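Hi,

Here is the structure I said I would pass on. Have a look at it first, then read my notes underneath.

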Amino acid sequence: MGDNQQRDRFSQDQFNALAIFGGKELQVQSENFRGGNVTVLFGGAEVYLGEAVPTPENSVIDVLVMFGGAEIYVPANWNVVMKGMPIFGGYADKRKLITSSQDENAPTLILRGFVMFGGIEIGNAVQMPEKSS
């Protein structure tokens, strides 16, 4: 994402990621993950959930993207429900799923959001890349 990028590891149950004219990378390591907020204005955010353990209830992430993008990396066995309003933008779940049908007992992540001139992409969970010097 460039030199203006902030990198954080986060172990609390909820997070806030804010990227304005820059980038934000966040590795969520919570053992009781409930959700969070992602706000992107003229920038980009990457949220890695591969080490997160969700609560038995649904986890919810609220996302606002304007003139930018957000990438959220989710384990392939989680169910993802996307709710929101894209205007000149969009949502895409690009994970390689383990099965083609949803497992009722699998953790569910609900993404609620608004996208204008940007996008939200869901990818397979990976570790946050090490920062190159």
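Below is what turned up on the surface and among the charged side chains.

One thing before you start: this is a predicted model.

**Nonpolar patch**

Start with the surface. L18, I20, F21, F42, F67, M85, I87, F88 and F117 together make a nonpolar patch of about 940 Å². Which strands each supply at least two residues of the patch? Those are strand 2 (14-20) and strand 8 (79-87). If you want a residue to click on, try L18, which lies in strand 2. L18 is partly exposed, with a relative accessible area of 49%, so it falls short of the over 50% needed to be called exposed.

**Salt bridges**

Now the charges. Side chains of opposite charge can pair when their charged atoms come close. How many salt bridges does the structure hold? There are three, and here they are one by one.

- D62 with R112: the closest N and O atoms are 2.7 Å apart. This pair links distant parts of the chain, as D62 sits in strand 6 (residues 59-66) and R112 in strand 10 (residues 108-116), 50 residues apart. Both partners are partly exposed: D62 has a relative accessible area of 27%, and R112 has 41%.

- R95 with D93: here the closest N and O atoms are 3.0 Å apart. Is R95 buried or exposed? R95 counts as buried, because its relative accessibility is 10% and the cut-off for buried is under 20%. Its partner D93 is partly exposed, at 30% relative accessible area.

- E121 with K94: the closest N and O atoms are 3.7 Å apart, which still counts because the limit for a salt bridge is 4 Å. E121 lies in strand 11 (residues 119-124), while K94 is in the loop between strand 9 (90-93) and strand 10, so this bridge ties together parts that are 27 residues apart in sequence. As for exposure, E121 counts as partly exposed at 30% relative accessibility, whereas K94 is exposed, with a relative accessible area of 54%.

**Where to look**

If you only have a few minutes, I'd bring up two views. One is the nonpolar patch, with strand 2 and strand 8 coloured in. The other is the D62 and R112 pair, which links strand 6 with strand 10.

Cheers

Methods: Residues numbered from 1 in each chain as written. Predicted model: local features only at pLDDT ≥ 70, side-chain atom pairs only at ≥ 80, totals over all residues. Heavy atoms only, no water. Patch = residues over 30% accessible without salt bridge, like charges linked within 9 Å, V, L, I, M, F, W, Y side chains within 5 Å. Areas by Shrake-Rupley, 256 points an atom, 1.4 Å probe, with all protein chains shown as cover. Salt bridge = Lys/Arg side-chain N within 4 Å of Asp/Glu carboxyl O. Helix = DSSP H or I, 4+ residues; strand = E, 2+ residues; numbered from the N terminus. Buried < 20%, exposed > 50% of the residue type's maximum accessible area, 1.4 Å probe, protein only.
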